[in-house]
Amino acid sequence: MENPLQLKCLNHISLVCRSVEKSVDFYQNILGFFPVKRPGSFDFSGAWLFNYGIGIHLLQSDNPDSMPKIGGINPKNNHISFQCESMAPLEKKLKELNIEYVTSGVEEGGIRVDQLFFHDPNGYMIELCNCDILPVTPLPVDSIQSSCSLTNRNVRRQRQQEQQVQLQVQKIEHAVEI
């Protein structure tokens with residue numbers, strides 16, 4: 001797979017907060033993140049957290065009262081999703097803390113993915129899911145072209161990636177036969 005930008009992984013997300021203190025408490029005590037050192041050269045209030053291979057950078061809003069009101073929970077809105085093995089412990093914790101949440105699910109090819117959605121103290125939506133049980137299947141080039149306006153270069157890149165995936169599948173199938 002071509003990687004001209006030499007990207008490795010998602011490093012962190014930054015979230016503007018009504019209250020950094022409340023947000024640290026939430027991400028630490030609900031989702032299991034832990035505080036890490038933040039550069040002292042910053043001239044604004046905030047906190048850095050880390051766990052599960054990702055950082056969360058919390059930035060204090062200059063005007064918390066002007067931040068959008070927290071709306072209802074809509075799984076189709078922007079959200080941050082965390083993979084989990086079991087949602088039961090978190091669902092229990094959310095109930096104990098009277099944090100509103102919505103459960104949902106999606107089924108594909110006989111595989112059911114469970115989802116749980118809720119808001120952090122700033123209104124950012126969080127999803128927990130067992131999405132890793134759903135296979136990642138590259139789309140055929142024709143279906144991509146019909147749903148997106150891709151350049152010819154992107155189409156060629158997609159075809160190359162699809163061929164590489166097919167070769168990997170063939171190698172795995174051959175190895176299984178042996």
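**Figure 1. Pairing of strands S5 and S8 in the predicted model.** In this predicted model, strands S5 and S8 run parallel and are joined by 5 bridges. At one position of this pairing, Gln-83 stands opposite Cys-129, a residue of S8. Along S5, which spans residues 79-83, the side chains alternate between two faces. Ile-80 and Phe-82 point to one face and are buried, whereas His-79, Ser-81 and Gln-83 point to the other face and are not buried.

**Figure 2. The largest pocket and its lining.** The largest pocket holds about 330 Å³ of space, and 17 residues line it. Nearest the centre of this pocket lie Tyr-52, Phe-82, Gln-83, Cys-84 and Leu-128. The elements that contribute two or more residues to the lining are S5 and helix H2, the latter formed by residues 88-96. With 4 residues, S5 gives the most to the lining of the largest pocket. By residue class, the lining of the largest pocket divides into 13 nonpolar, 3 polar and 1 charged. Phe-82 and Gln-83, which are both among the residues nearest the pocket centre, point to opposite faces of S5, Phe-82 being buried and Gln-83 not.

**Figure 3. The buried and exposed sides of helix H1.** Helix H1 covers residues 20-29, and its buried residues are Val-20, Ser-23, Val-24, Phe-26 and Tyr-27. These residues lie on the same side of H1, because the arc they cover around the axis is only 165 degrees. An α-helix has 3.6 residues a turn, so residues three or four places apart point the same way. On the other side of H1, Glu-21 and Lys-22 are exposed. The buried residues of H1 pack against several strands, namely S1 (12-17), S3 (46-51), S4 (54-60), S7 (111-119) and S8 (125-129). Of these, S8 is also the strand that runs parallel to S5.

**Figure 4. Two residues other than glycine with positive phi.** Gln-6, placed in the segment before S1, has a phi near 55 degrees, a positive value in a residue other than glycine. Asn-98, which lies in the loop between H2 and strand S6 (101-108), likewise has a positive phi, of about 55 degrees, although it is not a glycine. Gln-6 is exposed, with a relative accessible area of 66%, and Asn-98 is exposed as well, with a relative accessible area of 72%.

**Figure 5. Gly-72 and Glu-100.** Gly-72 is found in the loop between S4 and S5, and its relative accessibility of 56% means that this glycine counts as exposed. Although Gly-72 and Glu-100 are 28 residues apart along the chain, a distance of 9.4 Å separates their C-alpha atoms.

**Figure 6. The protein as a whole, as context for the close-up views.** The secondary structure comprises 4 helices and 8 strands, which follow one another along the sequence in the pattern β-α-β-β-β-β-α-β-β-β-α-α. Of the 178 residues in the protein, 28% are buried. Among contacts with a separation of 6 or more, 53% are between residues 24 or more positions apart.

Key: Residues numbered from 1 in each chain as written. Predicted model: local features only at pLDDT ≥ 70, side-chain atom pairs only at ≥ 80, totals over all residues. Heavy atoms only, no water. Buried < 20%, exposed > 50% of the residue type's maximum accessible area, 1.4 Å probe, protein only. Arc of directions from axis to C-beta. Contact = heavy atoms within 4.5 Å. Pairing = 2+ DSSP bridges. 1 Å grid on protein atoms, 1.4 Å probe; cavity = no way out; pocket = protein on both sides within 12 Å on 5 of 7 lines; lining within 4 Å. Points joined across faces, edges and corners; volume = space filled by probe spheres on them. Nonpolar A, V, L, I, M, F, W, Y, C, P; charged D, E, K, R; others polar.
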